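Please open the model in your viewer and keep the sequence panel visible beside it. The tour below moves from one selection to the next, and each stop says what to look for there.

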Amino acid sequence: MSMLLLLLAQVTGPPSQYGAPQPSAARYGALPVASSVQPASSGGVATIPHGLVSFQETVPVPALVSGPLVEVSAVDGAAVAPDELLAQIDDSEARAARDAALIELQSARLKAENDIEVQYADAAYRLADIEHAKAVEINSIRPDTVPASEVRRLDLAKHRAKLYIEKAALEQNVSKMAAELRATEVQAGEDAVARRRIVSPLGGTVIAVLKQKGDWVDAGEPVAQVARMDRLRIEGRLSGAEFDPGDVDGRPVTVTVDLARGHTETLTGRLVLVSSVAQAGNIYRVRAEVENRQLKGQWILRPGMTVTMKIDTASR
């Protein structure tokens, strides 16, 4: 019996060898863990063999006001520039209101620039002043030639003419203020027209067109979605047993992209995020931002791809 037990022990090995299964990288999700350390000039290189590419910035483009869409120029997959028109809400009423405000502004400015009343008031005052002074002069030579009542009337006319100058100047200032008010109404009209233009807030690529011509949209409802393609994210995971967060934070990265027929392209970027939260097995998430470029009119990196990312732990 003792000989049989000895033979079984030699075949099966120590009991601890066949305990509970050890955790594997697969349990940490889709993002891979760096699997190798390669020598560099004064340090090492952390290699993430299957880094996941994703958008760095995606923006839903909403309608700013409610109304029917009379045009949808956005095309799924098309490149767009900042402020490029994606869709147009019916702006006929807004344009009519703006044009009416513009006509009122032109009228108000003509009235504000017209100083005929001021000139007439000034001339009337000078005449009244001459007539009053002449009456006073005559009475100084021959007293009571001009009755005192007439002298008082002429003095009142002079004073009234002076007040009329101030009144005409005040009315012109009021006209200038009215013109400024009309100018704000014109600007409000321009804004109302502009708010019916749905434009791209950034340069990028249309990744979704959510509405069609003729659809009604409410204010705040997305019409399209635009994403940046010139700069993308690449995420992966590192083992804290091999790399401290300080080893990789802010370090330059090199990304290798496998293309058709064995062709590869290399892109560069920098690690911008080291997660402050570690997962089971001392695994932590990292993220790099990489400058994308085009090849044969198409972007090399596309969200959803997996790439090889190497982090130069020796460089800053």
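What follows is a walk through a predicted model, from the whole chain to single residues.

**The whole chain**

Begin with everything selected and coloured by secondary structure, and you will see a chain that has 5 helices and 17 strands. Of its 316 residues, 31% are buried, and the accessible surface of the chain comes to about 19200 Å², with 55% of that area belonging to carbon and sulfur atoms. If you display contacts, keep in mind that, among those with a separation of 6 or more, 74% are between residues 24 or more positions apart.

**Strands around β2 and β17**

Next, select β2, residues 44-55, together with β17, residues 306-312, which run antiparallel and are joined by 6 bridges. Within this pair, look for Ala46, whose bridge partner in β17 is Ile311. Then add β11, residues 231-239, which runs antiparallel to β2 and is joined to β2 by 4 bridges; here Val53 has Ile234 in β11 as its bridge partner.

Now add β12, residues 252-258, which is joined to β17 by 4 bridges, again with the strands running antiparallel. In this pairing Val253 stands opposite Ile311 of β17, the residue that is also the bridge partner of Ala46.

Before leaving β17, show its side chains and ask which of them are buried and which are not. Val307, Met309 and Ile311 point to one face and are buried, while Thr306, Thr308, Lys310 and Asp312 point to the other face and are not buried. In a regular strand, side chains alternate between the two faces of the sheet.

**Two open sheets**

Select β7, β6, β4 and β9, which form an open sheet of 4 strands in that order, with antiparallel pairing. The edges are held by β7 (197-199) and β9 (216-217), each of which has a single partner strand, so one side of each is left without a neighbour in the sheet. Inside the same selection, β4 (residues 67-72) and β6 (residues 85-89) pair in the antiparallel sense over 3 bridges, and Leu69 stands opposite Ile89 in β6.

Then clear the view and select β3, β10, β8 and β5, another open sheet of 4 strands, arranged in that order with antiparallel pairing. Its edge strands are β3 (58-62) and β5 (79-80), each pairing on one side only. Between β5 and β8 there are 2 bridges, with the strands running antiparallel, and Ala79 stands opposite Thr205 in β8.

**The largest pocket**

Keep Ala79 and Thr205 in view, as both belong to the lining of the largest pocket, and add the rest of that lining: Gly77, Ile207, Met229, Gln294, Gly297, Gln298, Trp299, Arg302 and Pro303. The volume of this pocket is about 180 Å³. Which strands each supply at least two residues of its lining? They are β8 (204-209) and β16 (298-299). Colour the lining by class and it divides into 5 nonpolar, 5 polar and 1 charged residues.

**Two helix residues**

Move on to helix α3, residues 116-141, and pick out Gln119, which counts as partly exposed because its relative accessibility is 47%. Draw a distance from its C-alpha to that of Ala168, and the two will be 8.8 Å apart in space although they are 49 residues apart in sequence.

In helix α4, residues 148-194, select Ala194, which is also partly exposed, at 42% relative accessibility. Its C-alpha lies 9.8 Å from that of Arg95, a residue 99 positions away in sequence.

**Two loop residues with positive phi**

Finish with the backbone angles. Most residues other than glycine have a negative phi. Asp83, in the loop between β5 and β6, has a positive phi near 70 degrees, and this residue is exposed, because its relative accessible area of 57% is over 50%. Asn282, found in the loop between β13 (264-279) and β14 (283-291), has a positive phi near 60 degrees, and with a relative accessible area of 40% Asn282 is partly exposed.

Conventions:
Residues numbered from 1 in each chain as written. Predicted model: local features only at pLDDT ≥ 70, side-chain atom pairs only at ≥ 80, totals over all residues. Heavy atoms only, no water. 1 Å grid on protein atoms, 1.4 Å probe; cavity = no way out; pocket = protein on both sides within 12 Å on 5 of 7 lines; lining within 4 Å. Points joined across faces, edges and corners; volume = space filled by probe spheres on them. Nonpolar A, V, L, I, M, F, W, Y, C, P; charged D, E, K, R; others polar. Pairing = 2+ DSSP bridges. Buried < 20%, exposed > 50% of the residue type's maximum accessible area, 1.4 Å probe, protein only. Contact = heavy atoms within 4.5 Å. Areas by Shrake-Rupley, 256 points an atom, 1.4 Å probe, with all protein chains shown as cover.
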